[in-house]
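Dear colleague,

I am passing a structure on to you with this email, and my notes on it follow below. Please read them alongside the model.

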Amino acid sequence: KKTRRYLEEAGVEFEFTYLDLLQGDERAEALGVVKQWNPAGTFPTTVIDGETCVTGFQPDELRELLGL
């Protein structure tokens, strides 16, 4: 929730998926994508421009990577 709120307040456009609301194959596929970026599968997993991954709530790192 903190990462989502931080990005919203900063005016950053992003896609957000509630994995706990997904079921079956859709959930398995989404978890597979998360684990490609973050093998530990922890949340939040934030992928920036398909190039960089930030795990957990890291406002300083997000600010730097997003140029905020």
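Helices (H or I, at least four residues) and strands (E, at least two) are taken here as DSSP runs, numbered from the N terminus. The model is a predicted one, in which local features need pLDDT of at least 70 and side-chain atom pairs count only at pLDDT 80 or more, while totals for chains, interfaces and linings use all residues. Residues are numbered from 1 along each chain as its sequence is written, and side-chain values use heavy atoms, with hydrogens and water left out.

The largest pocket (on a 1 Å grid over the protein atoms alone, an open set of points where a 1.4 Å probe fits, with protein on both sides within 12 Å along at least five of seven lines) holds about 970 Å³ of space, a volume being the space filled by probe spheres set on the points. Its lining, meaning residues with an atom within 4 Å of a point, comprises 28 residues, of which Glu15, Phe16, Thr17, Thr45 and Thr46 are the closest to the centre. At least two lining residues come from each of α1 (2–9), α2 (24–37), β1 and α3 (59–66).

Thr45, one of those closest to the pocket centre, belongs to strand β1, which covers residues 45–48. Its side chain makes a polar contact (N or O atoms within 3.5 Å, one able to donate a hydrogen and the other to accept it) of 3.0 Å with the side chain of Asn38, and a polar atom of the Thr45 side chain lies 2.6 Å from the backbone oxygen of Thr42.

With kind regards
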